[in-house]
Amino acid sequence: HRWARERRALRSLPAARPGAPNILLLILDTVRAPSLSAYGYRVPTSPVIGTLAASGVRFARAYSAAPWTLASHASIMTGRWPHELSADWEVPLDARDTTLAEALAARGYRTGAMVANLSYTGAWTGLDRGFVRYAEHPLSLAQVLRTSAFTTKLYDSWPFAAWLPPARLDYRRKTAAEVNGELVAWL
């Protein structure tokens, strides 16, 4: 179903302008610049980000429009202030404003989002609008088992916790390796 939807979306894209630049918008939710080596932190915490920053555009100062994920992401995607948008704790972004992904798709860009914070950036939030690929919840037997009530109870019972893998029962987040793998596969 997802692959068929993606193929239809790709067929409906207009031709991109020759020489249109590639765009990578990397959002690190709740990461402070002073913790990144690209911004002068002496420990090499983010060598790949440092390489990207050296060859791309790196902003010296950036401010979030809101102190929490959905509102700030909705602002990034629409260019509007949080109080002007419908997005709220359990209310998705409505279709009133064009998103960045919709604007790029209208210009022939193949847009993709690889999402790690499934609680506040999943498709239910409306942030998926305009993306050809919006990779959020991984649906697999391992994911179903990992998030079942039985597994959670087993993990929470003290004698068994020592034998279970650490902290991968949080089904609302994906690891950096999972997100990176999805991006590389999509590219």
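The exercises below, with worked solutions, concern a predicted model of a protein.

**Exercise 1. Overall make-up**

Describe the secondary structure of the protein, its burial and the range of its contacts.

Solution. Start with the elements: there are 9 helices and 2 strands. Reading along the sequence gives the order α-α-α-α-β-α-β-α-α-α-α. Next take burial: of the 187 residues, 27% are buried. The accessible surface amounts to about 12,900 Å², and carbon and sulfur atoms account for 61% of that area. Last, consider contacts between residues at least 6 apart in sequence: 50% of them join residues at least 24 apart.

**Exercise 2. Two surface patches**

Which residues form the positive surface patch, and which make the nonpolar one? Place one member of each patch in its helix and classify its exposure.

Solution. The positive patch consists of Arg2, Arg5, Arg7, Arg8 and Arg11. One of these, Arg2, belongs to helix α1, which covers residues 2-12. Its relative accessible area is 38%. Since partly exposed residues fall between the 20% and 50% limits, Arg2 is partly exposed.

The nonpolar patch is made by Leu24, Leu26, Leu28, Val31, Val48 and Leu52, and has an area of about 540 Å². Val48 is located in helix α2, residues 47-55. With a relative accessibility of 61%, Val48 is classed as exposed, because the limit for that class is over 50%.

**Exercise 3. Surroundings of Thr111 and Ala105**

Are Thr111 and Ala105 buried or exposed, and what does each residue contact beyond its sequence neighbours?

Solution. First locate the residues. Thr111 sits in the loop between α4 (100-105) and β1 (112-114), whereas Ala105 is part of helix α4.

Then compare each value with the limit for burial, under 20%. Thr111 has a relative accessible area of 6% and is therefore buried. Ala105, with 13%, is buried as well.

Now list the contacts, leaving out residues within four places in sequence. Thr111 contacts Ala101, Leu104, Ala105, Gly130, Phe131, Val132, Arg133 and Trp186. Ala105 contacts Leu13, Pro14, Thr111 and Gly130. Thr111 and Ala105 thus appear in each other's lists, and Gly130 appears in both.

A C-alpha distance completes the picture: Ala105 and Ala9 are 96 residues apart along the chain, and their C-alpha atoms are 9.2 Å apart.

**Exercise 4. Salt bridges**

How many salt bridges does the whole structure contain? Examine the pairs Arg129 with Glu102, Glu84 with Arg80, and Arg96 with Asp94.

Solution. The search finds 6 salt bridges in the whole structure.

Take Arg129 and Glu102: their closest N and O atoms are 3.2 Å apart. Arg129 is in the loop between α5 (118-121) and β2 (133-135), and Glu102 is in helix α4, so this salt bridge ties together parts separated by 27 residues in sequence. Arg129 is buried at 16% relative accessibility, while Glu102 is partly exposed at 27%.

Glu84 and Arg80 belong to a network in which salt bridges with shared partners join Arg80, Glu84 and Asp97. Between Glu84 and Arg80 the closest N and O atoms lie 3.1 Å apart. Both residues are partly exposed, Glu84 at 27% and Arg80 at 29%.

For Arg96 and Asp94, the closest N and O atoms are separated by 3.7 Å, which is within the 4 Å limit for a salt bridge. Arg96 is exposed at 54%, and Asp94 is partly exposed at 29%.

Conventions
Residues are numbered from 1 along each chain as its sequence is written. This is a predicted model: local features need pLDDT of at least 70, side-chain atom pairs count only at pLDDT 80 or more; totals for chains, interfaces and linings use all residues. Side-chain values use heavy atoms; hydrogens and water are left out. Patches are made of residues with over 30% relative accessible area and no salt bridge: like charges are joined within 9 Å, nonpolar side chains (Val, Leu, Ile, Met, Phe, Trp, Tyr) within 5 Å. Accessible areas come from the Shrake-Rupley method with a 1.4 Å probe; for residues, only the protein chains shown count as cover. A salt bridge is a side-chain nitrogen of Lys or Arg within 4 Å of a carboxyl oxygen of Asp or Glu. Lys and Arg count as positive and Asp and Glu as negative; His and the chain ends are not counted. The place of a charge is taken as NZ of Lys, CZ of Arg, CG of Asp or CD of Glu. Helices (H or I, at least four residues) and strands (E, at least two) are DSSP runs, numbered from the N terminus. Buried means under 20% relative accessible area, exposed over 50%, partly exposed in between (1.4 Å probe, protein chains only). Contact means heavy atoms within 4.5 Å.
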